[in-house]
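Visitor: Please show me the model, and then take me through some of its contacts.

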Number of protein chains: 4
Amino acid sequence: MMVTGRNETLGRRIRLGMVGGGNDAFIGGVHRIAARIDDRFELVAGALSSTPEKSRASGEALGLPRIYDDFKEMAIREARRKDGIEAVSIVTPNHVHYAAAKEFLKRGIHVICDKPLTSTLADAKKMVKAAEASDALFILTHNYTGYPMVRQAREMIAKGDLGAIRVVQVEYPQDWLAVEQDFKQANWRTDPNQSGAGGSTGDIGTHAYNLACFVTGLEAESLAADIQAFVPGRQVDDNAHVLLRFKGGARGMLWSSQVAVGNENTLRLRVYGEKAGIEWSQEDPNYLWYTPFGEPKRLITRNGAGAGEAAGRVSRIPPGHPEGYLEGFATIYTEAAEAIIAARDGGLAPDGVVYPTVHDGLKGVQFVAACVKSSSKNAAWVPLEG
Amino acid sequence: MMVTGRNETLGRRIRLGMVGGGNDAFIGGVHRIAARIDDRFELVAGALSSTPEKSRASGEALGLPRIYDDFKEMAIREARRKDGIEAVSIVTPNHVHYAAAKEFLKRGIHVICDKPLTSTLADAKKMVKAAEASDALFILTHNYTGYPMVRQAREMIAKGDLGAIRVVQVEYPQDWLAVEQDFKQANWRTDPNQSGAGGSTGDIGTHAYNLACFVTGLEAESLAADIQAFVPGRQVDDNAHVLLRFKGGARGMLWSSQVAVGNENTLRLRVYGEKAGIEWSQEDPNYLWYTPFGEPKRLITRNGAGAGEAAGRVSRIPPGHPEGYLEGFATIYTEAAEAIIAARDGGLAPDGVVYPTVHDGLKGVQFVAACVKSSSKNAAWVPLEG
Amino acid sequence: MMVTGRNETLGRRIRLGMVGGGNDAFIGGVHRIAARIDDRFELVAGALSSTPEKSRASGEALGLPRIYDDFKEMAIREARRKDGIEAVSIVTPNHVHYAAAKEFLKRGIHVICDKPLTSTLADAKKMVKAAEASDALFILTHNYTGYPMVRQAREMIAKGDLGAIRVVQVEYPQDWLAVEQDFKQANWRTDPNQSGAGGSTGDIGTHAYNLACFVTGLEAESLAADIQAFVPGRQVDDNAHVLLRFKGGARGMLWSSQVAVGNENTLRLRVYGEKAGIEWSQEDPNYLWYTPFGEPKRLITRNGAGAGEAAGRVSRIPPGHPEGYLEGFATIYTEAAEAIIAARDGGLAPDGVVYPTVHDGLKGVQFVAACVKSSSKNAAWVPLEG
Amino acid sequence: MMVTGRNETLGRRIRLGMVGGGNDAFIGGVHRIAARIDDRFELVAGALSSTPEKSRASGEALGLPRIYDDFKEMAIREARRKDGIEAVSIVTPNHVHYAAAKEFLKRGIHVICDKPLTSTLADAKKMVKAAEASDALFILTHNYTGYPMVRQAREMIAKGDLGAIRVVQVEYPQDWLAVEQDFKQANWRTDPNQSGAGGSTGDIGTHAYNLACFVTGLEAESLAADIQAFVPGRQVDDNAHVLLRFKGGARGMLWSSQVAVGNENTLRLRVYGEKAGIEWSQEDPNYLWYTPFGEPKRLITRNGAGAGEAAGRVSRIPPGHPEGYLEGFATIYTEAAEAIIAARDGGLAPDGVVYPTVHDGLKGVQFVAACVKSSSKNAAWVPLEG
């Protein structure tokens, strides 16, 4: 499937609102592009900042039809409009996710929420309840699950191409916090009140953990973590070394770091089973290495020879024409759109539609909590549960 | 500059029409995504196929407000509307480019045209005249010039980082025509009546040639070409070996191929000067290798350390978050938007705005003509002129 | 320094014997080539197998002047000859190392011993005593320390180019034991009586651990290990996940595996400090990535721009002419030769000469013991000491 | 076959002499290591320089038993000795090759000669005659043909894995002559009296040309060359752009350069046939990319899965343990040894033994001559013959 625009089934764009994502934000702009790429959404309302003036200025700069001072007002008023928003993107710092999401969920407005789910485990559990109590959908933007070759890897493992999984190696090093930084993106991510107890574990470790589980279909049972804050004065971890034990016997290692100088955004997953191994890197996302035991390594390319249906349905352009981060992110939005359209008539999303849910989000927050707890007990094994 | 949406200056999206790009087309869908990514355009009208029924069906599938049976009708009627299209994307097979473009140019509607400019040199010259006679802008989508690291390379050479250029190596191998194919995309590209006298030279050689000239700022003086049609029965070249001589003394080699098995879309440029060399590959577009003589090779990354202003202003997201083909393509649209907005008030595009023009398009068609002529004379040197 | 042959100082080749390394061995042949490459040794005697017939047949095939039925006989008789061997290479399975080495050490014959030092910690301690009691030198062939770019990395860290080290990531995955195997090389390596308590930890984990310590100059304080034997019936680990804590505060992860399908011999080291990061891979050994924080990544090449003295003195040929595993191994022999020549006159090895010692060997065996102990205690932290 | 030493068949090392290769030479040292690696040769005599004092000093530094003032004296006296040399390595600048080689050939001493064969076409023809008139063997060290994966590529093409060859792309860029240099290695290579009429074409273009022919089994029919001397004052080409036409219809491009800044020694070959394509790079020599049309790209590794007999018989160590330039060079020596041993009894070299001959050398000199001639005629096509 070449996903290149609305189609007859869809009829019109889904009306979308946004909470957070003002002028000096990073991820808000990403969500907006992602929502546009496949033409399923139209951003029509926003409360883009907790500061009303900034919200207004940012909304005007984007030409938003309806601009609100705060998210609660937006939820109330949009819910009352006939042409009100059908979905909202929540792209604030972590500690606001729950407070914002619940206002929309309880009014039946679908929520597309950035990760991690929340800044605390308590909030995460409340978010699950709020989502379960609502008719609205909850989509968590673990955007790396939108990459076609990640889908390819998942499909191959599900089909048994690797046999029983033995070893999972996942890592997510960055380097932008290798020194003390002082700007908005850095500040809230290193403030435990906004970010949560985890630093690198929350910001990127949850991506790595989610990716490993998404691709392998495995569930982690327990972990042992040695986390550090290398930069003097830092209040949350900036590096984490984690051992994983999965149900069924597979073992793993997870490394997240924001002080690994020379790494921009090097999320990488390697999975080894009885019959084969696969390797994928986010910085070179259109390729998946696949080696059946005793055979030459093969390079499977997005939309190219060797790629299967799961990758094909989320690819837009031919092999050799690289898709990137924004397209992977857009796929989450497009999957959400498919589910939202289906939900209009009370139906389920079409076969093949996959997106991270509130339950995946809870698992991520449990992961962070377990890392912090294990590390405080000298890397003792800690179960990955509530 | 993070290019993430319309802004106050812009006020509203530019109204866009499209000629060609129906259901079974490839490049039309790419243009549509590209036009959306930075939110400067809204597609509101189309004549998406030369077959009225297909045009209608395709337009409806996309939810287009206004659908036309043919491009001339669209040009006439849109020109008369107050809310008519301000720009049109022409994404038909090559032989239709001129006939379509002139209808819009003469009515003051800006033209964004796919490459190569035309299928014949005669048409190309007429297109130049039509563009020069019009107040409207003419933008040619040599999309590879939109990649940030291509802009980076160009800026470095212009600044003198390489010193005087000596050697240019450019190649564009693909493999999809290594065997006889029979589907729409293959058929018109191998039909000289639709594609023009060049096969690989026209379809991808023009990209390679344009890229080399765009990055180096050099102008080719003459070429010697040995072109082949390896697949039995093929009427246009599917492989071309070209020697280049540039004004000022630099020399080059250009290879285009659609039979190089194992190459998906491997456009690659290497430039060597007195002081340094650079290397860039389209399939790994976020990176530029740069080696000053006698120093270690350096990896300059999009929006990362070492990248300059020219790359930064066309980047959307941080380093390590790969941008791809669609974002590069979108940049051409966004540059066009900047120029179109400026033109509304009779102004020039802001500083830094760059896009391929009708003159670049003429050079591309001259390149194809020279390749064919040189090859017919046993690879004699042929000047690159009208 | 281009090391290309004996020189006047040396006068003649060092007379070398070999224990182990018969026809069906792998590492014996490697040692023989390594000893020849820089022309400092001549192999003149051998007890190439514990089976006298095989020892004889193998020795004759190699044209050895003196062939012995067992190593003790060789030690005794060579020690008595005026032209007896000056050094011996011990290339047997691990459990024989100590018994063989002590016979030569006590007779003043230098020992070049394959790793790991011994199969048991008790033997390792006895080996240290035997070496300390002897005038002869003891060289352990942790051959990866012979790679020029490993030397380069070590020199850069020692000079402070990285600042204080924070994170060490070292991994050594292979895949040849992903299934049950039945041939000599596999059999003794998976037999705890011959190999020792460690499987992958002993065979390759010790290399990884040694490399990390050699390059960083750090000493590990404690480790926590989760080791597995994935292949049914296997008596030693074939995969190990290890957390490391270094004196001074750096932290590390070490992964060794012989079941990671798709990895041939992928030893890889990454070190991150306050100021910069470096990355090196054994399968691409002529290159070292170096990224100072906030600057573009640089590719330092063996004997090329950016490479320093430590790498230069162990390089033989110009950059771009790849040296490989055998040259790195040869460097250990050549360093040994430099030390042996100096020792003839009771002198010390020249400045810059570096080779792994019996103490490094002890640390390796301690590493294996600690991994096994930690894992038996559910990955509790275990100190890295006797 | 693991080639790790002399064997019973061989009995003893072949006695070798050397002409050229004194202290300040590069390639002499390479030949000496190459001759030692597989233990088939013992260097026992030398005329290492045309300056008697240097010859003596260099020979003594190497501990050579017999040192001569000039090669003719060496040929005469060694031929008379019972234990005289059986083979000689000629590693002088090009213009001395013929004069030296003929003295040994006419006395029945096998010649192992560095490339290019000679500095002039006239000498090359005389060399062929001298070799044909002699019972001795003539081996030309086009060492890149010794790489296992080059053998693998050749075997695959010979077996028909690629189908009929269409396109050959070969390039050999370096950068060490990008500026004026003044040291021995640079000086003779840029002096037409010593090097011959070709600069980069002779020094490295001949390697590239030989490699293309060796791997594909094709013979070039004609070429068109545009050669340049970019560095002011340079008397021979330092960059060459060459079009090739092969018998049977395949076409090629060849680029040699010594001014391509950022390239150390980047010999690279790509061959595309009707059914598949292959790619190989000298700087990463243990890997061969192979793509059957319509299937994923595969990475064939030296001694690993997918590698065939031709590569296996010239590999020494397991996959993942990189062999390099010296091992590839050693293979030429070992192939020569196999042929020399067989010749002792008047026999032919065993099956599978392959090495470049005097005829390959002639073709290389013809290639240089054709490049110079074509370029002087404005890149007209010139046949590749005498």
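Guide: A polar contact is a pair of N or O atoms within 3.5 Å; within protein, one must be able to donate a hydrogen and the other to accept it, and residues adjacent in sequence count only if both atoms are side-chain atoms. This is a predicted model, where local features need pLDDT of at least 70, side-chain atom pairs count only at pLDDT 80 or more, and totals for chains, interfaces and linings use all residues. Residues are numbered from 1 along each chain as its sequence is written, chains are lettered from A and ligands numbered from 1 in the order in which they are written, and side-chain values use heavy atoms, without hydrogens and water.

Visitor: How many residue pairs are in polar contact across the interface of chain A and chain C?
Guide: Both residues of a pair must be at pLDDT 80 or more. Under that rule, the interface of chain A and chain C has 20 such pairs.

Visitor: Which residue of chain C forms a salt bridge with A:Asp226?
Guide: A salt bridge is a side-chain nitrogen of Lys or Arg within 4 Å of a carboxyl oxygen of Asp or Glu. For A:Asp226 the closest N and O atoms are 2.8 Å apart, and the partner is C:Arg251.

Visitor: Is A:Glu86 buried or exposed?
Guide: Buried means under 20% relative accessible area, exposed over 50%, and partly exposed in between (1.4 Å probe, protein chains only). The relative accessible area of A:Glu86 is 14%, so A:Glu86 is buried.

Visitor: Which side chain meets A:Glu86 in a salt bridge?
Guide: The partner counts as partly exposed, at 35% relative accessibility. The N to O distance is 3.1 Å, and the partner is A:Arg12.
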